[in-house]
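Student: I would like to look closely at a single part and then see how the rest of its chain is built. Could you take me through it slowly?

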Amino acid sequence: MGKLKKISVTGGKGGVGKSTVAILLANKLLAKGKKVVLLDLDVECPNDYLLLSQKLTTPVKKIWAQFPKLNKAKCTKCGLCARNCRSQAIFMPPGGYPLFVSELCSGCGLCWHLCPEKAIEVEKKIIGEVFENKVSSNFHLITGRVVGVVDESGPIVTKAKEHGLKIAKRLKADYFLVDTAVGLHCGVIRALLGSDLSLAVTEPTPLGAHDLRLILDLLKKLKIKAKIILNQADLGDKKEILKISKERKIKLEKEIPYSKALAQAYSKGKLKEVNFW
Amino acid sequence: MKIAIASGKGGVGKSMLASSLCLLLSKEKKIVAVDADVDAPNLHIWLGQKENWDLKKEISVLEKAVVDKSKCVGCGACEQICAFGAIEVVNRKAKVNQLFCEGCGACEVVCPNKAITLKEVKNAQIRVKKNVFGFPLLSAQLYPGETGSGKIVDELKSRAEKFKYQTMVIDAPAGTGCPVIAALNGVDRAILVTEPTPSGFADLKRVLQVVNSFKVPWKLVINKWDLNPEKSRQIKAWAKNHFLGKISYDQNIFKALSSLRPIIKTDLPAKEEILKIYQELLKWWE
């Protein structure tokens, strides 16, 4: 066994088939006798476990974060915390005590360090969990998932990834596949960093082309080697995707035609049995 | 009235539905449309618009930590406080990872030597277009590699407020994180969209946690209904009186999209289904 190869699957746009591609790639590598750890880092909406008919039962790791809690006895209602909170998560009702809006709070800690009366205490809460599923003897799935409503999910991605890497090393895996969230945001960036190669999945529509350009810009900025995967390649119009591939000299690695069998396997959570690549 | 369209999972039909509802609503009311998917904004494409914006403006809604190395003694207080793992002391000097910095300012507060200040960064471009249908669309593009999408959504919404409108339609991004929270914060109604797959249903329940935390009344549209009618019926039964309507799966939607034709301007079966959803929506609002 050689060095662990790290490949991420991303795409900018939602619903283009990132998870499907990640699992099809895993299936292909498994068929070659490779040991694969698949990491689902779409922590806000992780679905790979569903596509592989797995259940997320007991987390192997819990991710904690700190949040503010007011001690009214010490608070002088000075309003310094509310004025300085850049998440606008502290609301100062006229004449009242500050109210912390947990949905908007990133847990950055500014308020409790700033409070001159030390009236803001720290409360620890679980914001994320990591799960481990042994799908088959050579195939492990690690899932990071947000608990409840969390404004800032980036740290969950980082922690879940650290844990996944540890497991990949312990299992002496050959491949570390990372399935990212949609978009370009910090959760996606954290998932992408450290990849040897990133597969940008897209579809043959103006939406697919628009978002492919964006994700390729991001990958370029992060200095990650990219290849394009065109899903549902025979629907819509792929001219624009071919143009992007040519202009940017990024290889169109694979075209996956629309397949009813694949769509059904997806919808029934039976992607593990599909060999399509 | 502010209404948001959200789904958790991406690619289930949020922008298709949002664009259609915008077109239908704009015939009767003054509307303003907000594309809150600032990572990958697509609403203008569903409205048949190319990148010909009336106004493009670079904005800065985020600050990032900058270290004055002459003042930094490498004590590590900033590294310790940073909840986002964005600061590391290297060779006795604090170093900020710009990709991870959320601009919260906690490091600035704890630095005993005032070596850290927050500086504005240009992190997005906002775009406005009064389109051929007569209503303004506000959209933004987060620059690849930048952060702060939630704050950009807040900025878009506050700019949209300046237009005279009766209904603001907000197309939320996928996921459940900060830009989704920002999109749903303060809306009067939410329309959730899902598809009959285990992923679509699971993500619907996850985004519903955000909707419920703001106590927003919501309705559900099931798109691609006939992809798995059994699952569709199961989700419909689960939604009870929240169910608003359905849209059938149709590969021709891909083709309409490729020629930049809004669904409501086609003769596809989806058009009739969306009209029905629109009628139900008006009843719900009364």
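How many bridges join strand β5 (residues 87–90) of chain B to strand β6 (residues 93–96) of chain B, and do these strands run parallel or antiparallel?

Tutor: This is a predicted model, in which local features need pLDDT of at least 70 and side-chain atom pairs count only at pLDDT 80 or more, while totals for chains, interfaces and linings use all residues. Residues are numbered from 1 along each chain as its sequence is written, and chains are lettered from A and ligands numbered from 1 in the order in which they are written.

Strands β5 and β6 of chain B are joined by four bridges and run antiparallel; two strands count as paired if DSSP finds at least two bridges between them. Strands (E, at least two residues) and helices (H or I, at least four) are DSSP runs, numbered from the N terminus. Looking along the pair, you can find B:V89 with B:A94 of β6(B) as its bridge partner. The two strands form a hairpin with two residues between them, and in that turn B:N91 has a positive phi of about 50 degrees.

Now widen the view to chain B, whose secondary structure comes to ten helices and 13 strands, and whose C-alpha trace spans about 65 × 40 × 35 Å along its principal axes. Of its 286 residues, 55% count as buried, meaning that 20 or more other C-beta atoms, placed from the backbone, lie within 10 Å of a residue's own (12 or fewer makes it exposed, and in between it is partly exposed). Among contacts in chain B (C-beta atoms within 7 Å) between residues at least 6 apart in sequence, 73% join residues at least 24 apart.

One helix deserves the same care. Helix α7 of chain B, residues 198–213, has 16 residues and reaches 23 Å from its first C-alpha to its last, close to the 22 Å expected, where the expected span is 1.5 Å times one less than the number of residues. Its buried residues include B:F201, B:L204, B:L208 and B:V211, as well as the charged-named B:D203 and B:R206. For that label, Asp, Glu, Lys and Arg count as charged, Ala, Val, Leu, Ile, Met, Phe, Trp, Tyr, Cys and Pro as nonpolar, and the others, Gly among them, as polar. The buried residues of α7(B) pack against α2 (48–51) of chain A and, within chain B, against β1 (2–6), α6 (178–184), β11 (189–194), β12 (218–222) and α8 (229–239). Just after this helix, B:K215 takes a positive phi of about 55 degrees.

Methods. Contact = placed C-beta atoms within 7 Å.
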